[in-house]
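Trainee: I would like to learn how the labels used for a protein structure are justified. Could we go through some of them one at a time?

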Amino acid sequence: MGKGARRVFLVGTIVLLFPICAVPGNSQTVYKVCSRCEGDLRNGTAVGDLCRSNSSLEREGRCCLQKQALPSPIIGLDLWNCSLTQVEDLHEASAAVIIDLSDNPLMNISESAFQGFTSLRYLVLPSNLECPGGNTSWEHVELIGETVMCEGQKNACNGTEVVSWFCPENSLCKPDGPGLIQCNCAENFHGYKCLREGMFPMLKVFGILGVATVLVSAVLWFTQRRKAKSF
C-alpha cells in the first residue's frame with residue numbers, strides 16, 4: 001500500500017472509530033502542547049486530514065480538538081519537525097487517538113511517556129525508535145521511509161501471564177497506555193494489595209479522626225488559656 005493510500009486508510013479508520021460527543025458549549029481550554037513549536041497542522045497528513053474530515057473537530061496550533069465537548073480534548077497532535085530531543089509533558093494530549101512525532105532528533109522514549117494514553121491508536125515516530133511498550137504492544141508496526149508507524153494499541157491486560165504476575169489476588173487489571181497496566185481492587189476489597197475485604201469503613205475512620213481532632217483542639221485551647229491567664 002502506497003504512503004498516500006495508507007494515510008487515507010488511516011484517516012478513514014479513525015473517523016469510523018472516533019466517538020462523536022454532542023455536548024453543547026465552546027471550549028475555553030488553552031493547551032500548551034498545541035503551541036510547543038511554530039506552525040499549524042499540515043495539510044495532507046493523517047492528523048490534518050482527520051481534523052478536516054469531521055465537522056466536530058477544529059484546529060488549534062498543532063492540535064486537532066473535539067470542539068463539541070467541554071473541555072475540548074485533544075484528538076490529534078502533530079509535533080512533526082519540532083526539534084524535540086525527548087518526549088515529555090504530553091499529558092494534555094492523553095485522549096489523543098493519533099500523534100505524530102516524526103522528523104525529530106529523538107534518541108529514546110521513556111516507558112512512562114505515554115502512560116494514560118489508552119485511546120492512542122496511531123503513533124508516528126522517527127525510524128530509529130521502537131514503538132512504546134515494545135512492538136508487541138501494537139497490532140501492526142510498519143517502517144515507512146524515515147518513520148515508524150505504530151498502529152492499534154493492544155490491551156495489555158489480555159496478556160494473562162503478565163496480569164497474573166503483576167496484579168495481586170482480588171484486583172482487576174486496567175490498561176494504562178502502551179504496554180502498561182494498573183491494578184484496581186475488585187468490589188468489596190481494599191487496602192494493601194487488596195487484602196482487606198468489605199467496604200472501606202469511612203464513617204468509622206473519619207469518626208475517629210473527628211473525635212481526635214476535637215480532643216486535641218480542646219486540650220490546646222485549655223493549655224493556651226491557662227498560659228494567657230498566668231500573664
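Trainee: Why does R52 count as exposed?

Mentor: Keep in mind that this is a predicted model. R52 has 54% relative accessibility, and exposed means over 50%, so R52 counts as exposed.

Trainee: What makes the contact of D49 with R52 a salt bridge?

Mentor: The closest N and O atoms of D49 and R52 are 3.1 Å apart, and a salt bridge asks for a side-chain nitrogen of Lys or Arg within 4 Å of a carboxyl oxygen of Asp or Glu, so the pair meets the definition. Being three residues apart in helix 2, D49 and R52 are separated by about one helical turn. D49, at 13% relative accessibility, counts as buried, because buried means under 20%.

Trainee: Which residues are joined into one network by salt bridges that share partners?

Mentor: They are R42, D78 and D100. The side chains of R42 and D78 meet at 3.1 Å, N to O, and D100 forms a salt bridge with R42, the closest N and O atoms again being 3.1 Å apart. R42 sits in the loop between helix 1 and helix 2, while D78 belongs to strand 3, 36 residues apart from it; D100 is in strand 4, and 58 residues separate D100 and R42.

Trainee: Why is R42 called partly exposed, and how is D78 classed?

Mentor: R42 has 22% relative accessibility, which lies between the cut-offs of 20% and 50%, so the label is partly exposed. D78, at 0%, counts as buried, and D100, at 10%, counts as buried too.

Trainee: Why is one side of strand 1 and of strand 6 left without a neighbour in the sheet?

Mentor: The open sheet has seven strands in the order 1-2-3-4-5-7-6, with mixed pairing. Strand 1 and strand 6 stand at its edges, each with a single partner strand, so one side of each has no neighbour in the sheet.

Trainee: How do you know that strand 6 and strand 7 pair?

Mentor: Two strands pair if there are at least two bridges between them, and six bridges join strand 6 to strand 7, which run antiparallel, so the condition is met. One of the residues involved is V141, whose bridge partner in strand 7 is C150. Strand 1 and strand 2 also run antiparallel, joined by four bridges, so they pass the test as well.

Terms used:
Residues are numbered from 1 along each chain as its sequence is written. This is a predicted model: local features need pLDDT of at least 70, side-chain atom pairs count only at pLDDT 80 or more; totals for chains, interfaces and linings use all residues. Side-chain values use heavy atoms; hydrogens and water are left out. Helices (H or I, at least four residues) and strands (E, at least two) are DSSP runs, numbered from the N terminus. Buried means under 20% relative accessible area, exposed over 50%, partly exposed in between (1.4 Å probe, protein chains only).
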